[in-house]
Amino acid sequence: MSKKQKRTLSRILFSAALLAAAALLPLNGWARLAVFLLPYAVIGWDVLWRAVRNIARGQVFDENFLMALATVGALCVGEYPEAVFVMLFYQVGELFQSYAVAQSRKSIASLMDIRPDYANIEQDGTLIQVAPEEVAVGSAIVIKAGERIPLDGVVLEGSSTVDTAALTGESLPREVQSGDDVISGCVNLSGVLTVQVTRPFAESTVSKILDLVENSSSKKAKAEHFITKFARYYTPAVVLAAVALAFLPPLFTAISWTDSITRALNFLVVSCPCALVISVPLSFFGGIGGASRDGILVKGGNYLEVLARAEIVVFDKTGTLTKGVFNVTAIHPDDIPEARLLELAALAECYSDHPISRSLKEAYGKDIDASRVSGVEELSGRGVKAVVDGRLVCAGNDKLMEELGVKWHPCHRVGTTVHVAVDGIYAGHIVISDEVKEDAKAAVAALKALGVRKAVMLTGDAKAVGEAVAADLGLDEVHTQLLPADKVDRVESLLKQVSSKGALAFVGDGINDAPVLSRADIGIAMGGLGSDAAIEAADVVLMDDKPSKLSDAISIARRTLSIVRQNIFFALAVKALVLVLSAVGLATMWEAVFADVGVSVIAILNAMRALKRK
């Protein structure tokens with residue numbers, strides 16, 4: 001409990017003691033008013049001050065104004081104990097709300113406690129600790145066992161296991177050794193690592209993630225905007241209604257002025273919208289925190305709201321449903337040796353960093369002499385052209401062969417086929433296969449169990465490859481041989497199939513799918529343990545690259561929205577009932593206090609459920 005909360009608790013206890021003493025004293029008239037004013041001043045001076053200050057600033061209609069008006073009015077009509085009790089219980093409710101919000105923020109802060117405190121740099125044979133912000137790119141840092149990795153880099157020396165739970169939600173450690181990439185925010189569990197820094201702290205994974213989580217509350221959901229607008233019009237409306245309730249009945253009926261004003265004061269106490277104003281944002285905040293604990297980063301409450309409505313999910317294939325680790329599985333030359341066909345393809349692809357290009361170079365297994373290669377031209381979605389040893393080599397898919405007018409033939413093997421043409425003559429093809437992720441099939445089944453209407457895959461791969469993967473995973477629809485622009489067109493047509501209350505989610509690797517991620521109702525990226533492009537391009541990031549986390553994300557979003565709706569319905573229903581009872585004189589100040597403070601406490605307790613995982 002903070003110092004401020006402790007001071008408020010002390011005031012509450014002191015005021016309660018003074019109130020009990022005042023109630024026991026046999027006093028009347030001004031003396032009785034004076035003894036009750038003392039506990040009232042102790043517990044309510046800050047509310048009165050905030051009400052006066054806000055009125056001076058033009059902010060008239062808020063909860064401070066409502067409480068001040070109601071309690072001062074109660075004192076004026078002789079309801080001294082009730083006036084103090086209302087202010088006392090209001091402060092109890094405010095204390096509880098403050099504590100609940102602080103606990104929620106503390107919980108999120110602890111589960112995202114990944115900011116490193118220091119980095120170890122060796123100087124003159126001694127390790128010194130410096131701020132991570134002071135370490136330059138290219139510097140070598142030392143990470144001891146038990147320390148948090150402060151900056152992104154590549155391991156120069158040592159081997160160890162690292163705990164990635166703070167980023168991915170997974171408890172299984174990851175083994176790293178010389179040459180492996182490591183990212184900030186993870187914990188080094190065993191050996192000592194020497195790491196060369198590859199990014200400054202401001203651009204590191206930990207900085208990007210912390211910035212994402214800290215700013216998530218600024219992107220409000222429709223429900224939050226609704227509550228803000230609702231309170232803006234609701235509060236002045238109930239004040240005017242209370243004024244009418246105080247002055248009109250005595251003028252036109254036999255109700256006394258005292259009775260009429262008491263009803264109006266009860267009406268004001270009930271009308272305070274604290275339960276909604278606090279519990280709805282707290283629910284979304286809790287949902288985002290609970291998701292981040294599972295390694296699911298959501299950039300705002302608005303994205304949780306859209307995710308909960310997902311009815312069509314569209315997947316990219318490579319790196320999303322498959323591992324994106326390609327291996328050469330067959331080499332089928334026409335009139336040249338296998339080794340020569342592979343060599344030409346690897347040389348032509350030597351400047352490309354595409355997964356297929358990397359697999360060709362790995363299969364070649366020799367150092368590539370780039371001086372043998374010139375005039376390299378990458379053709380988006382088709383392949384590459386290059387001059388190798390003075391001969392024009394074209395390596396790519398069947399679209400490239402048809403574009404060049406080269407006669408080619410398909411392969412009976414399932415996989416990605418790279419056709420090779422030399423000086424316009426077909427030289428053969430190489431088959432490269434990708435491996436489906438272990439949880440991909442379960443991910444599709446889980447989405448269907450959640451009621452997702454259609455699961456679709458878009459890929460640039462050959463028809464046979466795409467259809468084989470789709471059939472294995474149980475997808476409803478697959479579109480193959482697509483260029484990046486074709487994927488956008490397919491998403492456009494699928495968006496027309498979404499119902500008015502539904503949404504389309506696209507799941508990609510966040511690197512090559514930025515246009516589609518931005519066009520979908522919600523873009524979800526595989527984070528790849530901190531991929532820059534993934535974190536920046538998407539609305540939701542799955543930090544451990546597991547497609548099965550998508551169903552978890554949708555479940556969290558739907559549970560959060562359910563809690564929000566419960567709080568809105570409960571608060572409005574109770575307040576509406578007690579407002580009516582207050583207007584007709586059937587509710588006392590005690591029912592009014594429950595409808596305000598009691599409803600707020602219950603709504604906040606319900607909102608805090610969003611932070612916990614099922």
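**Exercise 1. How many of the 14 residues of α3 are buried, and what follows for the helix?**

Work this one out on the model above, which is a predicted one.

*Step 1.* Start with the length of the helix. Helix α3 covers residues 63-76, and at 1.5 Å a residue its 14 residues should span 20 Å. The C-alpha atoms at its two ends are 20 Å apart, so the expected span and the model agree.

*Step 2.* Now go looking for buried residues, using the cut-off of under 20% relative accessible area. In α3 you should find Asn64, Phe65, Leu66, Met67, Ala68, Ala70, Thr71, Gly73, Ala74 and Leu75.

*Step 3.* That makes ten of the 14 residues, so α3 is largely enclosed by the rest of the structure.

*Step 4.* Have a peek past the end of the helix, too. Just after α3 comes glycine 78, with a positive phi of about 90 degrees.

**Exercise 2. Describe the surroundings of threonine 71.**

*Step 1.* Place the residue: threonine 71 sits in helix α3. Its relative accessible area is 1%, so threonine 71 is buried.

*Step 2.* Look for polar partners of its side chain. The side chain of tyrosine 40 makes a polar contact with the side chain of threonine 71, at 2.7 Å. A polar atom of the threonine 71 side chain also lies 3.3 Å from the backbone oxygen of alanine 68.

*Step 3.* Set aside the neighbours within four places in sequence and list what threonine 71 is in contact with: Tyr40, Ala83, Val86 and Met87.

**Exercise 3. Find the helix that gives the nonpolar patch its largest share.**

*Step 1.* Pick out the members of the patch. Val243, Phe247, Leu248, Leu251, Phe252 and Trp257 together make a nonpolar surface patch of about 660 Å².

*Step 2.* Assign them to helices. Five residues, the largest share, come from helix α7, which runs over residues 222-252. Tryptophan 257 belongs to helix α8 (residues 257-271).

*Step 3.* Check how open tryptophan 257 is. Its relative accessibility is 40%, so tryptophan 257 counts as partly exposed.

**Exercise 4. Take three salt bridges and say where their partners sit.**

The count for the model comes to 18 salt bridges. Here are three of them, one per step.

*Step 1.* Aspartate 46 and arginine 11 form a salt bridge whose closest N and O atoms are 2.9 Å apart. This pair links distant parts of the chain: aspartate 46 is in helix α2 (residues 29-56), arginine 11 is in helix α1 (residues 3-24), and they are 35 residues apart. Both aspartate 46 and arginine 11 are buried.

*Step 2.* Glutamate 477 and lysine 454 meet through their side chains at 3.2 Å, N to O, in a salt bridge. Here, too, distant parts of the chain are linked, with glutamate 477 in strand β19 and lysine 454 in strand β18, 23 residues apart. Glutamate 477 is partly exposed at a relative accessible area of 22%, whereas lysine 454 is buried at 16%.

*Step 3.* Glutamate 467 forms a salt bridge with lysine 463, and their closest N and O atoms are 4.0 Å apart. The two are four residues apart in helix α15, so about one helical turn separates them. Glutamate 467 is partly exposed at 38% relative accessibility, and lysine 463 is partly exposed at 48%.

*Step 4.* Finish with a network: Arg340, Glu343, Arg372 and Asp389 are joined into one by salt bridges that share partners.

**Exercise 5. Which residues of α11 are buried, and which one of them touches valine 376?**

*Step 1.* List the buried residues of α11: Leu341, Leu342, Glu343, Leu344, Ala345, Ala346, Leu347 and Ala348. That is eight of the eleven residues of this helix (residues 338-348), so α11 is largely enclosed by the rest of the structure.

*Step 2.* Move to valine 376, in strand β13 (residues 373-379). Leaving out residues up to four places away in sequence, valine 376 touches Ala348, Tyr351, Val384, Lys385 and Ala386. Ala348 is the name to spot, as it appears among the buried residues of α11.

*Step 3.* Rate valine 376 itself: at 31% relative accessibility, it counts as partly exposed.

Methods:
Residues numbered from 1 in each chain as written. Predicted model: local features only at pLDDT ≥ 70, side-chain atom pairs only at ≥ 80, totals over all residues. Heavy atoms only, no water. Patch = residues over 30% accessible without salt bridge, like charges linked within 9 Å, V, L, I, M, F, W, Y side chains within 5 Å. Areas by Shrake-Rupley, 256 points an atom, 1.4 Å probe, with all protein chains shown as cover. Buried < 20%, exposed > 50% of the residue type's maximum accessible area, 1.4 Å probe, protein only. Expected span 1.5 Å × (residues − 1). Polar contact = N/O pair within 3.5 Å; in protein donor to acceptor, adjacent residues only side chain to side chain. Contact = heavy atoms within 4.5 Å.
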